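Please look through the sequence and the model shown here, and then follow the explanation below, which moves from a single side chain to the packing of helices.

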Amino acid sequence: VIERGARVGPLDRKIDVVPPKTNDVDLRGSLLTSIRPNVLYGANQMVLLDKGDTQRAVELLKQATSLAPKAADIRLHYVQALAKSGDKAAAKSAADALTKDFPDSATAKAATELAARL
């Protein structure tokens, strides 16, 4: 079996092939960033969909920032989710940390502007 990364070996999981069907709801998502830089498109990517569960988004983005602390885009989305959840102090703290780690980036500028509006 050949998978992404040209790895060859036994497949430890069963993959069921199912026929395509029409979605009940059309959703749009944005490809935010790669968890690992310099990888092929589609591998290690992250897509976020707004399903209205802000607290779950905060939890998942906190986990994502731990896994990829150098991914400024993920950290900005974490700041945005904290702000949307109403946790202004945590949003400002996360924005300050992002600005400290990426002082000259557009992402840091966006985080600073968001924190100023809180």
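A residue is called buried when its relative accessible area is under 20%, exposed when it is over 50%, and partly exposed in between, with a 1.4 Å probe and protein chains only. Thr65, at 13% relative accessibility, therefore counts as buried, and its place is in helix H1, where helices are DSSP runs (H or I, at least four residues) numbered from the N terminus. The model is predicted, so local features need pLDDT of at least 70 and side-chain atom pairs count only at pLDDT 80 or more, while totals for chains, interfaces and linings use all residues. Residues are numbered from 1 along each chain as its sequence is written, and side-chain values use heavy atoms, without hydrogens and water.

Leaving aside neighbours within four places in sequence, Thr65 is in contact (heavy atoms within 4.5 Å) with Ile74, Arg75 and Tyr78. These three are among the buried residues of H2, a helix that spans residues 72–85 and is followed by Gly86, whose phi is positive, near 95 degrees.

Ile74 and Tyr78, together with Leu82, have the most contacts inside the largest nonpolar core, which has 20 residues; such a core is a set of buried Ala, Val, Leu, Ile, Met, Phe, Trp, Tyr and Cys residues joined through side-chain atoms within 4.5 Å. Helices H1 (54–67), H2, H3 (88–101) and H4 (106–117) are the elements that give two or more residues to this core, and the largest share, seven residues, comes from H2.

Technical notes:
Expected span 1.5 Å × (residues − 1).
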